[in-house]
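I am opening my notebook to record what I looked up, going from the whole chain down to single residues.

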Amino acid sequence: MVAFGYIALILSISLPSMIIAAIKLRKRNIGPLLDANGWAVNALTVVNIPFGKRLTKTLVTPPFSNVKDPFEKPKYNALKLFVAVVIILGISLFSAWYFGLINKVLPDVLPNSSWVQAKLDAEAKAANSALEAKAVPTPDVKPAATQEEKPAQQK
């Protein structure tokens with residue numbers, strides 16, 4: 001019974017630290033372990049595949065292992081980035097031309113798009129109808145008598 005008590009005491013003290021160590025190793029972060037052993041590590045040390053190969057004498061990976069490094073920094077392809085920027089810039093310029101924003105800044109440099117032309121036609125039609133509505137109708141007034149008709153009317 002006393003032996004069981006000693007085992008329980010040892011496990012209650014060391015089990016939390018073993019769980020924390022397992023979590024740290026699962027994250028592939030050996031910085032705290034190196035720091036606990038007296039190594040001067042100031043930052044988190046993430047073990048990626050090239051660094052792991054330098055730390056071990058085994059130069060081959062086990063068969064059926066995943067060779068892709070989950071901690072590898074992503075590599076950006078400059079050509080893909082350039083193509084994406086050109087496509088976005090092209091779509092933006094086309095949209096600015098189509099909706100008439102370029103014509104406001106640089107008038108009469110580019111031809112009008114169908115949307116701008118339809119808008120201009122609708123504005124012209126609305127202006128013409130407004131002018132027609134403002135036109136004063138002429139009253140039904142007889143024309144003034146001419147000089148020849150005046151003497152005839154006086155008799």
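Before anything else I noted how accessible areas are obtained: they come from the Shrake-Rupley method with a 1.4 Å probe, and for residues only the protein chains shown count as cover. With that in hand, I read that the accessible surface of the protein chain comes to about 14,200 Å², and that 68% of this area belongs to carbon and sulfur atoms.

I reminded myself that this is a predicted model, in which local features need pLDDT of at least 70 and side-chain atom pairs count only at pLDDT 80 or more, while totals for chains, interfaces and linings use all residues. Residues are numbered from 1 along each chain as its sequence is written, and side-chain values use heavy atoms, with hydrogens and water left out.

**Entry: the whole chain.** I looked up the secondary structure, where helices (H or I, at least four residues) and strands (E, at least two) are DSSP runs numbered from the N terminus, and found seven helices and zero strands. How much of the chain is buried, if buried means under 20% relative accessible area, exposed over 50%, and partly exposed in between (1.4 Å probe, protein chains only)? Buried residues make up 8% of the 155 residues. For contacts, meaning heavy atoms within 4.5 Å, I noted that among those between residues at least 6 apart in sequence, 10% join residues at least 24 apart.

**Entry: helix α1.** Helix α1 covers residues 2–26 and includes Leu 15, which is partly exposed because its relative accessible area is 41%. Leu 15 belongs to a nonpolar surface patch together with Ile 7, Leu 11, Met 18, Ile 19 and Ile 23, and these residues have about 540 Å² of accessible area together. Such patches are made of residues with over 30% relative accessible area and no salt bridge (a side-chain nitrogen of Lys or Arg within 4 Å of a carboxyl oxygen of Asp or Glu); like charges are joined within 9 Å, and nonpolar side chains (Val, Leu, Ile, Met, Phe, Trp, Tyr) within 5 Å. I copied out a general rule beside this: an α-helix has 3.6 residues a turn, so residues three or four places apart point the same way.

Ser 17 is also placed in helix α1, and at 44% relative accessibility Ser 17 counts as partly exposed. The side chain of Ser 17 reaches the backbone oxygen of Ser 14 at 2.8 Å.

**Entry: helix α4 and its ends.** The expected span of a helix is 1.5 Å times one less than its number of residues, so the 21 residues of α4 (residues 78–98) should span 30 Å, and the end C-alpha atoms are indeed 30 Å apart. At the N-terminal end, Asn 77 caps α4, with a side-chain oxygen 3.3 Å from the backbone nitrogen of Leu 79. After α4 comes Gly 100, whose phi is positive, near 85°.

**Entry: helix α5 and the loop after it.** Is Asn 103, in helix α5 (residues 101–105), buried or exposed? Asn 103 counts as buried, because its relative accessibility is 14%. Its side chain joins that of Asn 112 in a polar contact of 2.7 Å, where a polar contact is a pair of N or O atoms within 3.5 Å; within protein, one must be able to donate a hydrogen and the other to accept it, and residues adjacent in sequence count only if both atoms are side-chain atoms. Leaving aside neighbours within four places in sequence, Asn 103 is in contact with Leu 110, Asn 112 and Val 116.

Asp 108 is found in the loop between α5 and α6 (114–134), and is exposed at 78% relative accessible area. Ser 113 has its place in the loop between α5 and α6, but is buried at 2%.
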